[in-house]
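Trainee: I should like to learn how to read features in a structural model. May we go through some of them together?

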Amino acid sequence: MTDAHTAGPFIAAIDQGTTSSRCIVFDRDGRIVAVDQKEHEQIFPKPSWVEHDASEIWTNVQEVVASAVEKAGITAEDVKAIGITNQRETTLLWDKHTGEPVHNALVWQDTRTDALCRELGRNVGQDRFRRETGLPLASYFAGPKARWLLDNVEGLRERADRGDILFGTMDSWVIWNLTGGPDGGVHVTDVTNASRTMLMNLHTLEWDEKICESIGVPMSMLPEIRSSSEVYGTATVGALAGVPVASALGDQQAALFGQTCFAEGEAKSTYGTGTFLLMNTGEKAVNSYNGLLTTVGYRIGDQKAVYALEGSIAVTGSLVQWMRDQMGIIKSAAEIETLASSVEDNGGAYFVPAFSGLFAPYWRDDARGVIAGLTRYVTKAHLARAVLEATAWQTREIVDAMSKDSGVELAAVKVDGGMTSNNLLMQTIADFVDAPVVRPMVAETTCLGAAYAAGLAVGFWPDTDALRANWRRAAEWTPRMDADKRDREYKNWLKAVERTMGWIEEEN
Ligand SMILES: Nc1ncnc2c1ncn2[C@@H]1O[C@H](COP(=O)(O)OP(=O)(O)OP(=O)(O)O)[C@@H](O)[C@H]1O
Ligand SMILES: [Mg+2]
């Protein structure tokens, strides 16, 4: 995608995602100059356990950075800053002297901490730390994953007590390595990533001593919490050595930033491995009474933090991958649309992909996937349709919860992410939510947001207004479904959801 007419300087963004790592070089108009991307292995040691090899990830990050810089035909001197964005909650512990991970990273989808989370709830239950952290106790979050590693990796607790072990989500891991690793690497995280650990107090933006103690994670191994947009250090290795590392945001918060949702009430929904709808709630942390999370949206330098309400859906794009890789029903992700379009409707079938329990608005670790409404009539094409409808119905549930919690009715859904190339899906979302769906020109909003935050930190862009001016609409879908039909179908969906609950029974 090299554009020979694009003049520098540039910003590079590194997106360390769940399935791949990418690096994108952007110009001042927020246009993509070059991209490189590399997938890493998904390790499934047991049902519901998901791991990544953090050394493989760091190698891939270095490769995609080198290759994106090469494709752009530029050098480190042309790049004013590096921005980091990352899969959130995925948890790593490593040895600070050698830089060796002590275990594979535990991925956000991994549910091995569900019993631990129940135990941590004591007699209070899931909301024990909600007031301070904005989160329910669920296997999704990082703190209990770190505790699991400390309890289960031989000798690790002692090494941690001696001060030899560092904790980090993937932002911390990438920044530490990029800035020198064992030779002076900076050990930091940003407020958005820290807000997903269950260890940070949302109101003070500092580690919460009491909660760290209750969860059993020593504060000495935690990174320093910084803003999302400031210079943390300088890259010392790789193709961008010498360039300041100037932003970090969890991928969903980066997408909020990349969609330029800078005003209260603005929201975006990102359709990738999972789907995450975030709404900017300004300088107040809004409590949710409808199963959403309260999280940090972003913080620019020493300005006040901006908060967000979030509806998280664990499985959307990964259900399409499952149809391709595990079932072999389609050969490519795009084929799901062709297959689904070959029939008029779902034939009565509903697919609730509760593969890692149900996230928002239910937060049920005990749920597992269900296909409901099967008859002899149902074909693989109906199932393909049910797969796409699952994403759309889950969006509808989140939008409903969001309007109850925030009092804001979404005038339109701003979308981005890999699944937005699916027209049938976008139309179905417009139909089920009964609101227009709008997609911007740059659907890579995750990288774009990280680039924007890094560019702001070094004065490459003057302010957020300059970023807004870059946002351009590329496509729009308007609702055209009959209201009675929508209501009937929604009722069926909710019946199917009910059938996923309580599948995993407590073992003693
Ligand atoms: N045409 C399509 N129809 C439906 N789903 C699609 C289509 N093309 C891609 N996908 C799905 O989109 C997902 C990839 O999107 P994207 O690259 O935005 O994911 P991601 O969540 O950013 O990845 P990562 O988790 O690594 O960051 C995959 O799960 C894939 O199955
Ligand atoms: Mg992503």
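Mentor: Certainly. Please note that this model is predicted. Let us begin with disulfides, of which the structure holds zero.

Trainee: Why does Cys-117 form no such bond?

Mentor: A disulfide requires two cysteine sulfur atoms within 2.5 Å. The closest cysteine sulfur to that of Cys-117 belongs to Cys-212 and is 15 Å away, which is too far for a bond. Cys-117 also counts as buried, with 3% relative accessibility.

Trainee: How far is the sulfur of Cys-447 from the closest cysteine sulfur?

Mentor: That distance is 7.3 Å, to the sulfur of Cys-23, and it is again too far for a bond. Cys-447 has 0% relative accessibility and therefore counts as buried.

Trainee: Cys-447 brings us to helix H14, residues 445-457. At what angle do the axes of H9 and H14 cross?

Mentor: An angle from 65 to 115 degrees counts as roughly perpendicular. The axis of H9, residues 251-258, comes within 7 Å of that of H14, and the two cross at roughly 75°; the helices are therefore roughly perpendicular to each other.

Trainee: Which classes of residue make up the contact of H9 with H14?

Mentor: The contact has eight nonpolar, four polar and one charged residues. Among them are Phe-257 in H9 and Leu-448 in H14.

Trainee: Is Thr-90 buried or exposed?

Mentor: Buried means under 20% relative accessible area. Thr-90 is at 0%, so it counts as buried, although it lies in a loop, between strands S5 and S6. A polar atom of its side chain lies 3.1 Å from the backbone nitrogen of Trp-108. Thr-90 also touches other residues, including His-52 and Met-170.

Definitions and conventions. Residues are numbered from 1 along each chain as its sequence is written. Chains are lettered from A and ligands numbered from 1 in the order in which they are written. This is a predicted model: local features need pLDDT of at least 70, side-chain atom pairs count only at pLDDT 80 or more; totals for chains, interfaces and linings use all residues. Side-chain values use heavy atoms; hydrogens and water are left out. Buried means under 20% relative accessible area, exposed over 50%, partly exposed in between (1.4 Å probe, protein chains only). Axes are lines fitted to C-alpha atoms, for helices over the stretch in contact, and angles run from 0 to 180 degrees between N-to-C directions. Helices (H or I, at least four residues) and strands (E, at least two) are DSSP runs, numbered from the N terminus. Angles under 35 degrees count as roughly parallel, over 145 as roughly antiparallel, 65 to 115 as roughly perpendicular and the rest as oblique. Contact means heavy atoms within 4.5 Å. Ala, Val, Leu, Ile, Met, Phe, Trp, Tyr, Cys and Pro count as nonpolar, Asp, Glu, Lys and Arg as charged, and the others, Gly among them, as polar. A polar contact is a pair of N or O atoms within 3.5 Å; within protein, one must be able to donate a hydrogen and the other to accept it, and residues adjacent in sequence count only if both atoms are side-chain atoms. Lists of a residue's contacts leave out its neighbours within four places in sequence.
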